[in-house]
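Subject: Handing over a structure, with notes on its fold

Dear colleague,

I am passing on the structure we spoke of, and below it you will find my notes on what was found in it. Please read them with the coordinates open beside you.

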Amino acid sequence: MTSNILNAKAPNSKRGDAYECVRCQTSKAVINSYKHVVNHIRKQHLLATQCPYWCTLCDYRCDTQEELAKHVDTYPVHKKIVGIQETSGITINPDSFCGHSDMPYFISSDDIVAFNKEKSEEHYSQKRMETKNKTWLPHMPKQLKVTQHNHMMTQ
């Protein structure tokens, strides 16, 4: 069984596209990639057992068994665990790392809001300004940071 996230045509991720998580209650998570917002929902709002597939060694969640097998085969921590088991003579069943749900929750357009071009540009413009204002603060002496921060807060 495949997830409808694979069956549905995902919006093309172009520079400037933004997506919002509908499930976030207080401050909506705005994310610049459709795939990233799907991953955000899986990790922040779903139990692992609600996802189609998940890794039993970590918090990785995905849509297909192939994605999960690739994760287990390439993730360094898992390779180390497998190596330790192999050197100690333990037989490894690759499926032991795989969690699978027969009735997963399928993320849909009800969970994600795609911003239009104008709203996306507005969001990223604001983010660039926030980033620009933050980047120079860590490099300033502590007294200047406090003074500048207080000045910014009073404006």
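How many helices and how many strands does the chain have? There are six helices and six strands, and I should say at once that they belong to a predicted model. Starting from the N terminus, the elements follow one another as α-β-β-α-β-β-α-α-β-β-α-α. Of the 155 residues in the chain, 30% are buried, while the exposed surface comes to about 10800 Å², with carbon and sulfur atoms supplying 54% of it. Among the contacts between residues at least 6 apart in sequence, 49% join residues at least 24 apart.

The strands are best taken sheet by sheet.

One open sheet is formed by three strands in the order E2-E1-E6, with antiparallel pairing. Strand E2 (30–31) and strand E6 (112–114) are at its edges, and each has a single partner strand, so one side of each is left without a neighbour in the sheet. Strand E1, residues 19–21, pairs with E6 in the antiparallel sense over three bridges, and Tyr19 has Ala114 in E6 as its bridge partner. Across E1, E2 and E6 lies helix H2 (residues 34–45), which runs at about 10° to E1.

Which residues have the most contacts inside the largest nonpolar core? This core has 13 residues, and the ones with the most contacts inside it are Cys21, Val37, Ile41, Ile107 and Ile112. E1 and H2 are the elements that give two or more residues to the core, and the largest share, four residues, comes from H2. Val37 makes a useful point from which to look around: leaving aside residues up to four places away in sequence, Val37 touches Tyr19, Glu20, Cys21, Ile31 and Ile112. There is also a second, separate core of six residues, among them Tyr53, Leu68, Val72 and Phe97.

The other open sheet also has antiparallel pairing, and its three strands come in the order E4-E3-E5. Strand E4 (61–62) and strand E5 (98–100) are the edge strands, each pairing on one side only. Strand E3, residues 53–55, and E4 pair in the antiparallel sense over two bridges, and the bridge partner of Trp54 in E4 is Arg61. Helix H3 (residues 65–74) packs on this sheet and touches E3, E4 and E5, its direction making about 10° with that of E3.

Which residues of H3 are buried? They are Leu68, His71 and Val72, and, seen down the axis of H3, the buried residues fall within an arc of 95°, so they line one face of the helix. The general background is that an α-helix has 3.6 residues a turn, so residues three or four places apart point the same way. On the face of H3 turned away from its buried side are the exposed residues Glu66, Lys70 and Asp73.

One last residue may be worth selecting in your viewer. Is Lys117, which has its place in helix H5 (residues 117–135), buried or exposed? Its relative accessible area is 64%, and exposed means over 50%, so Lys117 is exposed. Lys117 and Asp17 are 100 residues apart in sequence, yet their C-alpha atoms are 6.6 Å apart in space.

With best wishes

Note on methods:
Residues numbered from 1 in each chain as written. Predicted model: local features only at pLDDT ≥ 70, side-chain atom pairs only at ≥ 80, totals over all residues. Heavy atoms only, no water. Pairing = 2+ DSSP bridges. Contact = heavy atoms within 4.5 Å. Axes fitted to C-alpha atoms, helices over the stretch in contact; angles between N-to-C directions. Buried < 20%, exposed > 50% of the residue type's maximum accessible area, 1.4 Å probe, protein only. Areas by Shrake-Rupley, 256 points an atom, 1.4 Å probe, with all protein chains shown as cover. Arc of directions from axis to C-beta. Core = buried A, V, L, I, M, F, W, Y, C linked by side-chain atoms within 4.5 Å.
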